[in-house]
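Let's take a walk through this protein together, one region at a time. Keep the viewer open and follow along.

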Amino acid sequence: MNHYVSLPGINLKRTLFCGQAFRWKQTAETIFEGVAQEKFIKLKQEENGISLIAVAACDVDFWEHYFDSTTDYEWLLECFSKDNVLKMACEHAAGLRVLRQPAFETLISFIISQNNNIKRITQIIHRICEEHGAPIKKGIYSFPSPDVLAGLSVRALEKAGVGYRARYIINAAQMTVTGDINLDSLYGMSAAEAKAELLKITGVGDKVADCVLLFAYGKTSAVPKDVWIKRALSEFFPQGLPECVGEHAGIAQQFLFEYIRNRNHGG
């Protein structure tokens, strides 16, 4: 069946390709397809929402959660727009939404993201899924499970182009398998507690941990600080983001990230 999800003002292209997710592609002007947690989906951009195309009834809740359908972005944008710079950023990146992705996949993806660009991250993740994921349909593969990645050699992962990050990926997978880190338990923790757990993983620093907290766990107070955000904060907010962002500084950060990264390129 097809299922419509109301997401006022959403811009799917901007949301899916702004550097928070790496398993999506655009196949037509308004059609996108991708994979998350062994679920393949086609999406159609609608005027004020999206259509999930041929989605199983049992998967509707998953995708509604993935697109964070219960958060009121109209209200958030009103709050952010009390600051002139954030108002400009929200207008520039109109339609962006922060996703809520599967935790393990997000953790590994952002370990890979270190000192990397979006195009290369996407290519590496595609190769890892193709070589070590389970087939879903022709040419489409799941993200490898913790068990699978934990059992790989460094050389096997290096073939996918991850370089020095191979041992970090294996360590994260092994800690997940052994229970040294319980990713499910982080949902019930404060952002600070959850971050402390993530920082126990070799190769996970502040930026990667904050990306995982924001893009997987919906802990919107987390603000990942990459080179673009550091530049934006230095230029516009040397004392930190304004009070109007409240507990949603991470979402405000994503609008600011899109603005500072693309303002000179018409993006």
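How many bridges join S2 to strand S3, and do the two run parallel or antiparallel? Strand S3 covers residues 31-36, and 4 bridges tie it to S2 in an antiparallel arrangement. Before going further, keep in mind that you're looking at a predicted model. If you want one spot to zoom in on, pick Gln26: its bridge partner in S3 is Phe32.

Now zoom out to the sheet that this pair belongs to. It's an open sheet of 5 strands, ordered S1-S5-S4-S3-S2, with antiparallel pairing. The edges are strand S1 (3-6) and strand S2 (24-28), each of which pairs on one side only. Ignoring direction, neighbouring strands in this sheet are turned by 30 degrees against each other on average. As a bit of background, the strands of a sheet pair through backbone hydrogen bonds, in either a parallel or an antiparallel way.

Next up, the charged pairs. There are 9 salt bridges in the structure, and a few are worth a stop. Start with Lys25 and Glu33, whose side chains meet in a salt bridge at 3.7 Å, N to O. The two partners sit in different burial classes: Lys25 is partly exposed because its relative accessible area is 46%, while Glu33 is down at 11% and so counts as buried.

Asp68 and Arg100 make another salt bridge, with their closest N and O atoms 3.4 Å apart. This pair links distant parts of the chain, the two residues being 32 apart. Asp68 is in the loop between helix H2 (60-66) and helix H3 (73-80), and Arg100 is in the loop between helix H4 (84-92) and helix H5 (103-112). With a relative accessible area of 6%, Asp68 is buried, whereas Arg100, at 23%, counts as partly exposed.

For a local example, go to helix H13 (residues 249-262), which holds both Arg261 and Glu258. They're 3 residues apart, about one turn of the helix, and their closest N and O atoms come to 2.5 Å in a salt bridge. Both Arg261 and Glu258 are buried. Elsewhere, Lys195, Asp206 and Asp210 are joined into one network by salt bridges that share partners.

That brings us to helix H11 (residues 206-215). How many of its 10 residues are buried? The count is 8, so the helix is largely enclosed by the rest of the structure. Val208, Ala209, Asp210, Cys211, Val212, Leu213, Leu214 and Phe215 are the buried ones. What do they pack against? The buried residues of H11 have H5, helix H10 (191-198) and H13 as their packing partners.

H11 and H13 turn up again around the largest pocket. Together with helix H6 (118-132) and helix H12 (227-236), they each supply at least two residues to its lining. The pocket has a volume of about 480 Å³. Its lining takes in 24 residues, and those nearest the centre are Ser113, Asn116, Lys207, Asp226 and Phe257.

There's enclosed space to look at too. Counting those of 30 Å³ or more gives 2 cavities, and the largest cavity holds about 80 Å³ of space. Which residues come closest to its centre? Of the 15 that line it, they are Ala21, Phe22, Arg23, Gln101 and Glu105. S3 and H5 are the elements that give two or more residues to this lining. H5 provides the largest share, with 4 residues.

For the last stop, find Leu149 in helix H7 (residues 146-150). Is Leu149 buried or exposed? With a relative accessible area of just 1%, it's buried. Leaving out residues up to four places away in sequence, Leu149 touches Phe104, Ile108, Ile128, Phe143, Pro144, Leu157, Ile169, Ile170 and Ala173. His132 is another residue to check from here: it's 17 residues from Leu149 along the chain, with the two C-alpha atoms separated by 7.9 Å.

Note on methods:
Residues numbered from 1 in each chain as written. Predicted model: local features only at pLDDT ≥ 70, side-chain atom pairs only at ≥ 80, totals over all residues. Heavy atoms only, no water. Salt bridge = Lys/Arg side-chain N within 4 Å of Asp/Glu carboxyl O. Buried < 20%, exposed > 50% of the residue type's maximum accessible area, 1.4 Å probe, protein only. Contact = heavy atoms within 4.5 Å. Pairing = 2+ DSSP bridges. Axes fitted to C-alpha atoms, helices over the stretch in contact; angles between N-to-C directions. 1 Å grid on protein atoms, 1.4 Å probe; cavity = no way out; pocket = protein on both sides within 12 Å on 5 of 7 lines; lining within 4 Å. Points joined across faces, edges and corners; volume = space filled by probe spheres on them.
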